[in-house]
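Subject: Handover of a structure and notes on it

Dear colleague,

Please find below the structure that I am handing over to you, followed by an account of what was found in it. I would ask you to keep the structure open while reading.

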Amino acid sequence: MQQSFIEEVVDDVWNIYAGIENLIFVLPSKRAGTFLKTAISKKARRTIQAPDIYSIEEFIEVVAGTSYANNTQQLFELYKAYLETGEYEKESFDSFLNWAPTILQDFNEIDRYLIDAKKLFSGLTAVQEVNHWSLSTEKTELIENYLHFWRHLEPIYQKFTDNLLLLGIGHQGLVYRKAFENIEGYLKDVNKTHIFLGFNALNNSESNIIQKMLAGKAHIYWDIDHYFLNDKLHDAGLFIRQHHRTWDFYKNNELKGLSAYYLTKKQIEIIGVPKNISQAKYVGNLLSQLEIENPSALKTSAVILGDENLLNPILNSIPSSISAVNITMGQNLENTQLASFFKGLLELHELVTEKGWFYKDFLSFLCHSYTDLLLKSSGIDVDKLQSTIKSRNWLYVNAATLEAFDAREAIISNLLFSRYDSDTNNFVERCAKLTLELKEIFSIEKNHMVLEQLYRFYNLFNQIKSIISTYSYVKNPRALKILFRQLMASETLDFQGDPLEGLQIMGMLESRNLDFETVILTSVNEGILPSGKSNNSFIPFELKIEHGLPTYKEKDAVYTYHFYRLLQRAKQIYILYNTEPDVLEGGERSRLITQLLTDENRNDIRERVAAPLLHPTTVQQEKIIKTDTLLTSIAGYAQKGFSPSSLSNYIRNPLDFYKRSILDIKDIVAVEETIAANTFGTIVHDTLEELYTPFIGQELSRPLLENAKTKIQSIVKSNFRKTYLDGNIGTGKNYLSYHVIIKYIQDFIDLEISELQNHTIKILALEKKLTLDLNITDIHSPILLKGKLDRIDEFDGVTRIIDYKTGKVEKRNVEIKDWDCLIEEEQCGKAFQLLCYSYMYSKTHPNQDLLAGIISIKNLREGLLMFAKKEPVESQKTFIIGNDMLFMFENLLYKLISEIFNPEIPFLEKQV
């Protein structure tokens, strides 16, 4: 293998200095320090004292004599400075947390680039004044408060800086500014030669510090190819060309560390892969091939993640045969199951109302695997709790309902569901205790990954508890949730491994100064590499240009440098990009790929699109063959009884009949936020039965019905309580449904009263249960036909079979042209049911002409929708159901049931 950049620097330094242990090396990252020590030990071939090796941030901290403040300290100290500055109305802490990180980022940039803060903030205030001008001479209080904030931004910055320095700490930019101010003193105290290596883009603090040191005892080595340096338009050499052009040091000195490897022969493959998971799978496939072709090559290979969210999918895709893998990047705790559990818990307590938790929010939290683990460990039946909430229609879950479900004092339940009582410290303590409870569970399973995560969360909650005991700003679950999320975003779980052994997996920034023979680079899409025009700043673009602050253009150039630096010494390069653009995950393939493909000096690039093998399948009609076991089940069901609705369900879709009637698969139980159609229908049916039961056996009269109308409201309310259980009907759509039902019943009785003006109506039966044993040739098992008739009455002496429907029914649904449609077409289902009821009734009341019809509650103006057989003669209809008609229906009924029993005819799915 050719020499790496670090090895080349060590060789050069070794030739200049006899005692390398007296040098101080400064690198862009900690990771490169390990490889530097290894290169020095190989060169020395004997035991020597290692030189001091710093990352640039560690070195700056040493020079400044000031420690870095953590993110939590910065947030709280910034809010403290915000409250102490100016007399205008201040925002709450939870609102402040939404924009504080952006302000911190801007403060950081201002100090790192040594900008005159007073001048910049003066310009920023002027911009805001222009943006929010008003034609009226007096500005509104809202606009005034807004502008007050911008006018006080410079005092906030100064107060924030002073507060941090009093504590002996600083944000990153402040520590950099202090280092620049202290560099002269540092150089007087430290009489060693400093070696800077592998840098590219430098902020003003770094640039000025390094230039001052180069004027004394220091050297700097740039990791760049002549090819990029000589091309005045190539962004990979942008910053180093600027340094070469503007630094006084280079008036008399040449650049060190330059190489000429980029144009050497390489194998470059650019591969488009659909979606992120497919990229992870493709990486796994590439690694398998590399291991087969040359196992030792994995020691000099690296997987570079353009999008670090791909870490978990990549880890799950690495072949198990690859034993040595070193992950040089942390797993973001924000993406773990534990993070989603605690975010869910905080959101649950943020969403609670006086009524309790809305059932959807509560059930969503119950469904989390860690909630399930915790509750079951304390003996609470989670499945039973979920089914109780659904079956009892608990729209809101609170302490009373939970106590009614489980009266025990369950410690876990209290930790999870005790109401937030304005004591944030106590609530955070509960979260810390939950991590200990989970630790007990996962210790038994010996799940070391989760145990490590739990340890980090336990420390995080203790850190929050410590900070809120000092600052009293976190006063509600919302503020705590936002704070928790922001801290989570910067927390990582670092993997332990040998950085010098095996396959390396890292992010783009971790790859600085490191060289590999085989590089697999993922997610090379616009918006990821480079990151594009994302502008997380309150400082406008033009103001940044004026003051020399970096913009997205400089950030793009940084990633261009890292991209091409990886290619310099590599021999095999695989560049993967997502072929499916997504606004959230990155857009089209990166401009870096286009730039590489248009490079006239490269003729070793192969481009292709990879896609998974597709095995097209045609959607086949689902079919259930009638086995002996299934025929036995059909016979068992027939013995219990076919109902008109089950038979019409078979006509509609035989597969539905099989699932619902034969397999007895019930509909999923769910909480009815608003009254479901079947609940609505049940309440209407029960109310009509209760109102009309006193009239059975007698003729209806206007006084009887007027008296019944006075009872409607109380009976409807009673039936709501019986059917809708604990569901609330006092507000919203349910309140409207309650009054709609009352109105429907009133309209129904008014319709009856109007009928009585010219006709007589006598109630014979209500909710009449009918059964009939059928004897069908070739079917040797008993068959029962059963049903419940809503109403039987006499209308001017003619018996009527009446079925109530709360849905909308029209005349075309109960009138037929030919008989076969009854058992073949879904639209004849209502007519089929009416004839079923008529057929059953006629067996106990033979030789009696009948009328049958449906009263559609939603279509009352049509009155009774009568069953009719349309005759071939135009406009003629037969309404009377006599023996001849019932005989025709009997033949069709027997044919239908015979089909159900026929082993040669499977249950076939119909497209409904």
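Y804 is a residue of strand β22. Please note that the model is predicted. With a relative accessibility of 3%, Y804 counts as buried, because buried means under 20%. A second residue, F358, stands 446 residues away from Y804 along the chain, and the C-alpha atoms of the two are separated by 35 Å.

Cavities

Strand β22 also takes part in enclosing an empty space. Such spaces can be found in a simple way: rolling a probe the size of a water molecule over the atoms shows where empty space is left. How many cavities of 30 Å³ or more does the structure hold? There are 2 of them.

The largest cavity has a volume of about 80 Å³. Its lining consists of L751, E752, E755, R791, R800, I802, I855, G863 and L864. Two elements, α33 (732-755) and β22 (798-805), each contribute at least two residues to this lining. The greatest contribution to the lining of the largest cavity is that of α33, with 3 residues. Sorted by class, the lining of the largest cavity has 4 nonpolar, 1 polar and 4 charged residues.

The second largest cavity holds about 30 Å³ of space. Around the second largest cavity lie L346, V428, C431, F461, I464, L480 and F484 as lining residues. Two or more residues of this lining come from each of α21, α22 (448-470) and α23 (477-489). By class, the lining of the second largest cavity has 7 nonpolar residues, with no polar and no charged ones.

Helices around the second cavity

Helix α21 covers residues 424-445. Why should its 22 residues span 32 Å? The expectation follows from a rise of 1.5 Å a residue, and the end C-alpha atoms of α21 are indeed 32 Å apart, so the two values agree. The buried residues of α21 are T424, F427, V428, R430, C431, A432, L434, T435, L438, I441 and F442. V428 and C431 appear both among these buried residues and in the lining of the second largest cavity.

Both ends of α21 deserve a look. At its start, a side-chain oxygen of D423 comes within 3.3 Å of the backbone nitrogen of N425. Just after the helix, K446 adopts a positive phi of about 55°.

Helix α22 has 23 residues, and the distance from its first C-alpha to its last is 34 Å, close to the 33 Å expected at 1.5 Å a residue. Its buried residues include V450, Q453, L454, F457, L460, F461, I464, I467 and I468. Of these, F461 and I464 are also named in the lining of the second largest cavity.

Helix α34 and two cysteines

Helix α34 (residues 829-844) has 16 residues and reaches 24 Å from its first C-alpha to its last, close to the expected 22 Å. How many of the 16 residues of α34 are buried? The number is 13, and the helix is thus described as mostly covered.

Two cysteines may also be examined. C821 is buried, with a relative accessible area of 4%, and C828 is buried at 5%. A disulfide is a covalent bond between the sulfur atoms of two cysteines. The structure holds 0 disulfides.

Backbone features in loops

Three places in loops should be noted. The peptide bond from L529 to P530 is cis, with omega near -10°. P530 is located in the loop between β16 (518-522) and α24 (541-547).

L114 has a phi near 55°, which is a positive value in a residue other than glycine. L114 is placed in the loop between α5 (93-112) and α6 (117-131). Its relative accessibility is 21%, so L114 counts as partly exposed, the limit for buried being under 20%.

N513 likewise is not a glycine, yet has a positive phi, of about 75°. The loop that holds N513 runs between β15 (503-507) and β16. Is N513 buried or exposed? At 2% relative accessibility, N513 counts as buried.

Yours sincerely,
A colleague

Methods. Residues are numbered from 1 along each chain as its sequence is written. This is a predicted model: local features need pLDDT of at least 70, side-chain atom pairs count only at pLDDT 80 or more; totals for chains, interfaces and linings use all residues. Side-chain values use heavy atoms; hydrogens and water are left out. Helices (H or I, at least four residues) and strands (E, at least two) are DSSP runs, numbered from the N terminus. The expected span of a helix is 1.5 Å times one less than its number of residues. Buried means under 20% relative accessible area, exposed over 50%, partly exposed in between (1.4 Å probe, protein chains only). A polar contact is a pair of N or O atoms within 3.5 Å; within protein, one must be able to donate a hydrogen and the other to accept it, and residues adjacent in sequence count only if both atoms are side-chain atoms. A disulfide is a pair of cysteine sulfur atoms within 2.5 Å. On a 1 Å grid over the protein atoms alone, a cavity is a set of points where a 1.4 Å probe fits but cannot get out, and a pocket is an open set with protein on both sides within 12 Å along at least five of seven lines; lining residues have an atom within 4 Å of a point. Grid points are joined across faces, edges and corners, and a volume is the space filled by probe spheres set on the points. Ala, Val, Leu, Ile, Met, Phe, Trp, Tyr, Cys and Pro count as nonpolar, Asp, Glu, Lys and Arg as charged, and the others, Gly among them, as polar.
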